[in-house]
Amino acid sequence: HHWRFIMSRRSFVVMSLVLFFIGLFIVFNSVSWGHNAANAYLLSQGGSMDSSRFVIVLQEYINMYRWIGSIVSLISGLGFIKAIEFR
């Protein structure tokens with residue numbers, strides 16, 4: 001039983017690290033992905049929109065990706081720290 005606990009902890013540590021880097025990847029790509037999402041939204045609206053409204057849509061998409069990436073990184077990073085604390 002003890003061996004299974006060690007393996008599950010190792011799996012948790014690896015999963016936490018992978019999720020941490022996925023979160024960072026999302027944050028680093030938030031501008032590009034936000035721009036793509038805003039352009040897709042613009043096209044769904046007929047391809048025309050007031051420029052000030054487009055800037056707001058763009059900023060919100062970028063912020064959405066940043067928040068998602070930050071939350072994933074924060075939670076998984078805390079999980080990683082907690083898992084290695086109990087070694």
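Okay, let's start with how α2 and α3 meet. Their axes come within 8 Å and cross at roughly 135 degrees. That makes the two helices oblique to each other, because the angle doesn't get over 145, where we'd call them roughly antiparallel. As for handedness, α2 passes α3 in a right-handed crossing. Keep in mind that this is a predicted model.

Who makes that contact? On the α2 side you've got S30, V31, W33, G34, H35, A37, A38, N39, Y41 and L42. Facing them from α3 are R53, F54, V57, L58, Y61, I62, Y65 and R66.

Let me step back for a second to the overall fold. We're looking at three helices and zero strands, so the order from the N terminus is simply α-α-α. The chain has 87 residues, and 24% of them count as buried. The accessible surface comes to about 6,400 Å², with 70% of that belonging to carbon and sulfur atoms. And if you take the contacts between residues at least 6 apart in sequence, 70% of them join residues at least 24 apart.

Back to α2 and α3, then. Which residues form the largest nonpolar core? There are seven of them: A38, L42, M49, F54, V57, L58 and I62. Both α2 and α3 supply at least two residues of this core, and α3 gives the most, with four.

Pick out L42 on your screens. Setting aside neighbours within four places in sequence, L42 is in contact with G47, S48, M49 and F54. M49 and F54 are core members themselves.

While you're on α2, which covers residues 30–44, find N36. Is N36 buried or partly exposed? It's partly exposed, because its relative accessibility is 48%, and the cut-off for exposed is over 50%. The C-alpha atoms of N36 and I62 are separated by 9.7 Å, with those positions 26 residues apart along the chain.

Now for the other helix pair I wanted to show you. Helix α1 takes in residues 2–28, and F12 is in there. Helix α3 runs over residues 51–85, and that's where S76 sits.

Start with S16, also in α1. S16 has a relative accessibility of 3%, so it counts as buried. Beyond its neighbours within four places in sequence, S16 is in contact with S76, G79 and F80.

Now look at it from the S76 end. S76 counts as buried too, because its relative accessibility is 5%, and anything under 20% makes that cut. Leaving out residues up to four places away in sequence, S76 touches S16, L19 and F20. So you can see the S16–S76 pair turning up in both contact lists.

What about F12, buried or partly exposed? At 35% relative accessibility, F12 is partly exposed. Not counting residues up to four places away, F12 touches G79 and A83. G79 may sound familiar, since S16 is in contact with it as well.

One last distance for you. F12 and F80 are 68 residues apart in sequence, yet C-alpha to C-alpha they're 7.6 Å apart in space.

So, to recap: α2 and α3 cross obliquely, with a seven-residue nonpolar core that draws on both of them. Over between α1 and α3, S16 and S76 touch, and both are buried. That's what I've got, thanks.

Conventions: Residues are numbered from 1 along each chain as its sequence is written. This is a predicted model: local features need pLDDT of at least 70, side-chain atom pairs count only at pLDDT 80 or more; totals for chains, interfaces and linings use all residues. Side-chain values use heavy atoms; hydrogens and water are left out. Buried means under 20% relative accessible area, exposed over 50%, partly exposed in between (1.4 Å probe, protein chains only). Contact means heavy atoms within 4.5 Å. A nonpolar core is a set of buried Ala, Val, Leu, Ile, Met, Phe, Trp, Tyr and Cys residues joined through side-chain atoms within 4.5 Å. Accessible areas come from the Shrake-Rupley method with a 1.4 Å probe; for residues, only the protein chains shown count as cover. Axes are lines fitted to C-alpha atoms, for helices over the stretch in contact, and angles run from 0 to 180 degrees between N-to-C directions. Angles under 35 degrees count as roughly parallel, over 145 as roughly antiparallel, 65 to 115 as roughly perpendicular and the rest as oblique. A crossing is left-handed if the near helix is turned anticlockwise from the far one by less than a right angle, and right-handed if clockwise.
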